[in-house]
Amino acid sequence: MTTTATTTSAGYATELRLLIGGASVGAGARATIPVLDPATSEEIGQLPVATDADLRDALASAQRGFARWRATSAYDRAVVLRNAARLIRERVETIARVMTIEQGKPLAESRAEVLASADVIEWTGEEGRRAYGRVVPPRAESVRQLVLREPVGPVAAFTPWNFPAITPARKLAGALGAGCSLIIKPSEETPATALALVDALRDAGLPDDVVNVVFGDPPHISETLLASPVIRKISFTGSTAVGKHLARLAADGVKRATLELGGHAPVIVSDRADLDKAVKASVSAKFRNAGQVCVSPSRFLVQERVAPAFTEAFAAAAAALRVGPGVEETTQMGSLANARRRDAIHALVEDATQRGGTLHTGGAALDGPGFFYAPTVVGDVPADARVLSEEPFGPIAVITSYRTLDEAIAQANALPYGLAAYAFTQDVGESIALGNRIEAGMVGINHFGVSLAEIPFGGVKESGYGSEGGTEGIDGYLVTKSVTTAS
Ligand code: NAD
């Protein structure tokens, strides 16, 4: 398989900038970071790196912004978020194209992600209007006891490159819906998508200082921001290793944290499943965003009797996927987002096959420019293969078989991760047992739809803590205060 990168990066927003104190800040004398189109590996822009003075300015701005935004009523905040959602929907084509060019996913996926981002911003703005406290019955008639929910303070948010819109949108929405200001550092590899969302918020009436956007060296920026007493909370989406590091930094300042970390989602396919449905849904979910998804199905545990049929059908469907530049409408799987992922996936495939796994399809990078890797299916993977314990984060499906449901659940729960888990079965008893016994923040049975504005999204174990989305999405940005008044 080869790819032809016939397309250009026309349509990419080239004005890469920081946003500090309500002002766009271009490179000037600052260092810059090249941004690449992963489908061609060509440079498409230069991103300014925030200086230490920029970070200090951003902190001062976030402090001013917090004073201003917390004093804005929840009703008025929701109006801004609702208008921003409308603008994002109106701009879906432009933003989706920018995302595809800088990240690699097919346009259809980018459009869906932009629209989902609008949904989460709108939903969370409305949740801000329902951030109710309560009245607690007092012990004396002359006393009134209130429990208030207040915004925690300025937030530092860090988002990755795999979902350049929805990950910033969740953090922007939660913080802004609750009345917090924030400094957000989106991924340096996909900066323009996040800037487009922030532009929509500002065009919708978000005051200056409430959101600041910085880019640069991630460890330096997170250390600087977390060392500041201005920042009261962090929210991070990314790997478990970085999440642990940030949790330690947050602990030093007793700052709250929402951590959305890695996963290694099991998919239990029972011999009582609708196999055609399981294969179709699994292939589509597995290769979405070329597998670079924290809730991507990554360990297929298939009951012995149906394992050969499942594997054969899955591999055939994977091999038939149209892989190509994301900007081409016919593409079903785009390039990986960067060379690191392509090389990491290849190393995992080599390890699995060298240890005795059977390669059913794929197993190689594609010739031509860009960071393409073939949809890959490896069966009979031995338990000691790295891919069974390390988060693969790429277009590789690993299939093993099991005999009993107890055995499958034990395997599913064996890793330190606990983000998403899935199962396919038509048996009600099995469905209930799976829903009860799987250790994960999200469980999808007979489908993969776990990520919607109105349901909580988050993990357990080493996949993190806190939820984004649902009525829980705003909780992490609120603190509780009791006010007791005697006459
Ligand atoms: P990485 O862990 O270094 O980076 C992931 C993200 O975290 C990037 O956006 C990066 O800018 C940011 N980051 C890294 N160090 C940071 C720090 N000290 N402070 C603040 N932000 C920091 O590595 P990577 O090569 O980009 O990805 C490697 C692995 O990370 C993937 O294989 C995958 O397992 C995981 N990952 C998970 C998610 C997710 O959605 N949970 C997203 C991206 C990557």
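**Close-up 1. A hairpin made by strand 3 and strand 4 in this predicted model.** Four residues sit between the two strands of the hairpin, and in the turn Ser 41 has a positive phi of about 60 degrees. Follow the ladder and you will find six bridges in the antiparallel sense between strand 3 (residues 32-37) and strand 4 (residues 42-48). One pair to look for is Val 35 with its bridge partner in strand 4, Gly 45.

**Close-up 2. An open, antiparallel sheet of three strands in the order 5-6-20.** Strand 5 (134-136) and strand 20 (478-486) each have a single partner strand and stand at the edges, so each has one side left without a neighbour in the sheet. From one strand to the next, the twist averages 25 degrees. Strand 6 (residues 143-151) runs antiparallel to strand 20, and nine bridges join them. Here, Arg 144 has Thr 485 of strand 20 as its bridge partner.

**Close-up 3. The largest nonpolar core, with 140 residues.** Leu 176, Val 211, Ile 234, Val 295 and Phe 310 are the members that touch the most others. The core lies between domain 1 (18-261 + 463-484) and domain 2 (265-452), because both domains give residues to it. Apart from this core lies another, of 13 residues, including Leu 301, Tyr 402, Ala 408 and Ala 440.

**Close-up 4. The surroundings of Val 211 in the largest nonpolar core.** Leaving aside residues up to four places away in sequence, Val 211 touches Leu 19, Leu 172, Leu 176, Leu 182, Ile 184, Val 198 and Leu 206. Leu 176 is worth a second look here, as another of the residues listed as touching the most other core members.

Technical notes:
Residues are numbered from 1 along each chain as its sequence is written. This is a predicted model: local features need pLDDT of at least 70, side-chain atom pairs count only at pLDDT 80 or more; totals for chains, interfaces and linings use all residues. Side-chain values use heavy atoms; hydrogens and water are left out. A nonpolar core is a set of buried Ala, Val, Leu, Ile, Met, Phe, Trp, Tyr and Cys residues joined through side-chain atoms within 4.5 Å. Buried means under 20% relative accessible area, exposed over 50%, partly exposed in between (1.4 Å probe, protein chains only). Domain bounds come from an automatic or database domain assignment. Contact means heavy atoms within 4.5 Å. Two strands pair if DSSP finds at least two bridges between them. Axes are lines fitted to C-alpha atoms, for helices over the stretch in contact, and angles run from 0 to 180 degrees between N-to-C directions.
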